[in-house]
Amino acid sequence: MKLFKKTLLILLAVCLLFIAFLVFNTLTLKSKQLSFDAIEQIDVDPLSKTNFSNAIKIKTISPENAADFDSLAFDNFNVFLQETYPFVDSLLEEKTFNSYSHLYKWEGSDKSLKPALFIAHLDVVPVAEENLPNWKHAPFGGEIVNDTIWGRGTIDDKIGVVGLMESVELLLKSNYTPKRTIYLGFGHDEEIGGANGATFIAQYLKEQGVSLEFVMDEGGTISQGLVPGIDKDVALIGTAEKGFVTVELSVALEGGHSSQPDKETNIDVLANAIVKLKNNPFPAKIPEVVGKMLEYLGSEFPFTTRMVAANQKLLGFLFIAVSESSPQGNANVRTTTAPTIFNSGVKENVLPPVANASVNFRILPGESSTSVLERVKETVNDERIKIEIGGNFGTEPSKISGTETMGFEAIQKTILEVFPGTIVSPYLVIGGTDSRHYGDITEDIYRFGSVKLHKQNIKSFHGINEALPVSEFENAIRFYHQLIRNVSE
Ligand SMILES: [Zn+2]
């Protein structure tokens with residue numbers, strides 16, 4: 001009995017020590033947030049919003065079907081850039097790629113500094129015909145109603161193109177010369193993969209022997225009320241993005257008549273494979289980027305979440321469990337599996353001779369399309385099924401960009417100067433951006449735009465009623481204006 005009591009006491013002491021250790025880590029968790037004084041807001045030309053509105057009116061749609069490409073609209077956008085920004089047009093060196101993508105070079109005074117490249121895309125996704133009645137204002141009307149600019153591209157991503165052009169025009173007008181060379185790169189086909197735009201710009205820079213200090217693209221936003229446990233605005237800077245691969249599965253056992261089916265038909269075999277894939281998701285973990293995010297947000301979380309952030313190795317499983325419960329969270333902690341196409345059969349009384357399916361995977365950094373394919377083969381483990389990489393598009397996960405770099409710190413500083421009180425954090429971009437094409441010419445790619453994203457507008461880009469308050473548009477100009485100065489002085 002005595003021994004039992006002693007063991008119990010020892011156990012209790014160990015438990016208490018363990019808890020004390022966790023609490024100690026939590027209380028001593030250092031904040032990664034920096035403090036900078038807010039700067040005086042620059043005046044934005046009232047004409048700027050008219051320029052933005054004009055840009056929205058030009059239907060630079062990247063269509064699903066290449067035959068629907070409207071070259072006239074893209075010609076008009078070329079004219080828009082030239083005529084609206086005479087200082088950029090006359091003072092910066094411009095190169096056009098495949099008629100509609102542009103690279104501007106603003107030569108810096110100090111050649112020893114590596115250039116920085118700011119990219120955005122001037123194309124937009126189409127507006128579904130059946131959704132038109134749900135738009136409160138025409139998607140290509142560029143209307144400004146109650147201090148809000150309406151239309152496709154206001155968030156994704158004409159704000160990037162126009163915001164950058166406005167800020168550079170403003171700097172040029174005031175005779176500003178950067179020390180660091182600044183490039184602006186605008187792709188015209190980001191929404192369909194960037195094969196004719198960003199790919200060419202990146203290739204050209206590579207051929208010129210350019211090595212960039214960093215690339216700045218769209219991706220992260222200022223998130224409002226979307227990070228659980230944090231009330232303040234959180235600026236999320238994408239420091240890595242997931243890869244994309246589609247795996248095609250097909251099975252072609254002998255068909256036959258549906259009155260005498262074999263034990264297993266093509267549809268049975270394929271359906272079973274899909275079930276196996278769904279029942280065996282990729283293992284969950286806290287990827288390096290997400291771990292970094294927890295470090296940056298840790299001190300801002302309420303106590304219990306902070307405790308997890310401060311003890312990632314020991315309590316990370318709790319973070320994973322909570323993340324897995326929502327689709328967005330789940331995408332943060334694993335390579336996701338999504339069957340997107342399932343085809344077989346044409347007649348109700350005929351066993352189809354073939355069945356095929358496509359499964360789309362979004363790959364965590366550290367894994368690859370090859371490792372995904374291997375795992376799919378292992379999981380399905382059925383020689384009757386042909387399994388190969390397919391689809392029209394694929395990309396490997398990006399490298400992970402640093403947070404202790406000139407680029408990241410300049411972006412962090414600028415956010416605090418222009419949006420005081422904002423929390424800043426790196427994060428993992430789940431979707432894809434044009435920036436992936438630049439991986440060969442820079443170590444660091446940051447994906448961030450100063451748009452505020454919240455529950456009301458999160459589905460609007462690529463969806464209906466995409467719109468942006470004029471004040472946010474003007475702040476985007478202020479943000480780029482200050483960022484260019486911060487990186488080039
Ligand atoms: Zn975009």
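Two strands pair if DSSP finds at least two bridges between them. That rule underlies the two sheets described here, both taken from a predicted model. One is an open sheet of three strands, in the order β4-β5-β17, with antiparallel pairing. Another is an open sheet of four strands, ordered β11-β13-β9-β14, and its pairing is antiparallel too. The model also holds a zinc ion, coordinated by His121, Asp156 and Glu218.

**The three-stranded sheet**

- The edges of this sheet are β4 (144-145) and β17 (467-469), and each of them pairs on one side only.
- Strand β5 covers residues 148-150 and pairs with β4 in the antiparallel sense, over two bridges.
- Within that pairing, Val145 has Thr148 in β5 as its bridge partner.
- Helix α2 (residues 47-57) packs on the sheet and touches β4, β5 and β17. The direction of α2 makes about 20 degrees with that of β5.
- Helix α14 (residues 470-488) also packs on the sheet, touching β4, β5 and β17. The direction of α14 makes about 75 degrees with that of β17.

**The four-stranded sheet**

- Strands β11 (336-344) and β14 (385-395) form the edges, each pairing on one side only.
- On average, neighbouring strands of this sheet are turned by 25 degrees against each other, direction ignored.
- β11 pairs with β13 (residues 355-363) in the antiparallel sense, and eight bridges join them. Ile341 stands opposite Ser358 in β13.
- β13 also pairs with β9 in the antiparallel sense, over nine bridges. Here Ser250 stands opposite Asn356 in β13.
- How enclosed is β13? Seven of its nine residues are buried, so β13 is largely enclosed by the rest of the structure.

**Helices on the four-stranded sheet**

- Helix α7 (residues 266-279) lies across β9 (243-251), β11, β13 and β14. Helix α7 runs at about 170 degrees to β11.
- Helix α12 (residues 369-380) packs on the sheet and touches β9, β13 and β14. The direction of α12 makes about 155 degrees with that of β14.

**The zinc site**

- Which atoms hold the zinc ion? The donors are NE2 of His121, an OD atom of Asp156 and two OE entries from Glu218, at 2.0 to 2.5 Å.
- In sequence, the spacing of the donor residues reads H-x34-D-x61-E.
- His121 lies in strand β3 (residues 116-121) and Glu218 in strand β7 (residues 214-223), so the pair ties together parts that are 97 residues apart in sequence.
- Why is the arrangement irregular? The four donor atoms subtend angles of 55 to 138 degrees around the zinc ion, which makes it so. For a tetrahedral label, all angles would have to lie between 85 and 135 degrees.
- Is His121 buried or exposed? At 1% relative accessibility, His121 counts as buried. The cut-off for buried is under 20%.
- Glu218 has 16% relative accessibility, so Glu218 counts as buried as well.

Conventions
Residues numbered from 1 in each chain as written. Predicted model: local features only at pLDDT ≥ 70, side-chain atom pairs only at ≥ 80, totals over all residues. Heavy atoms only, no water. Axes fitted to C-alpha atoms, helices over the stretch in contact; angles between N-to-C directions. Contact = heavy atoms within 4.5 Å. Buried < 20%, exposed > 50% of the residue type's maximum accessible area, 1.4 Å probe, protein only. Donors = N, O, S within 2.8 Å, 3.2 Å for Na, K, Ca; no water. Tetrahedral: all angles 85-135°; square planar, octahedral: opposite > 155°, others 65-115°.
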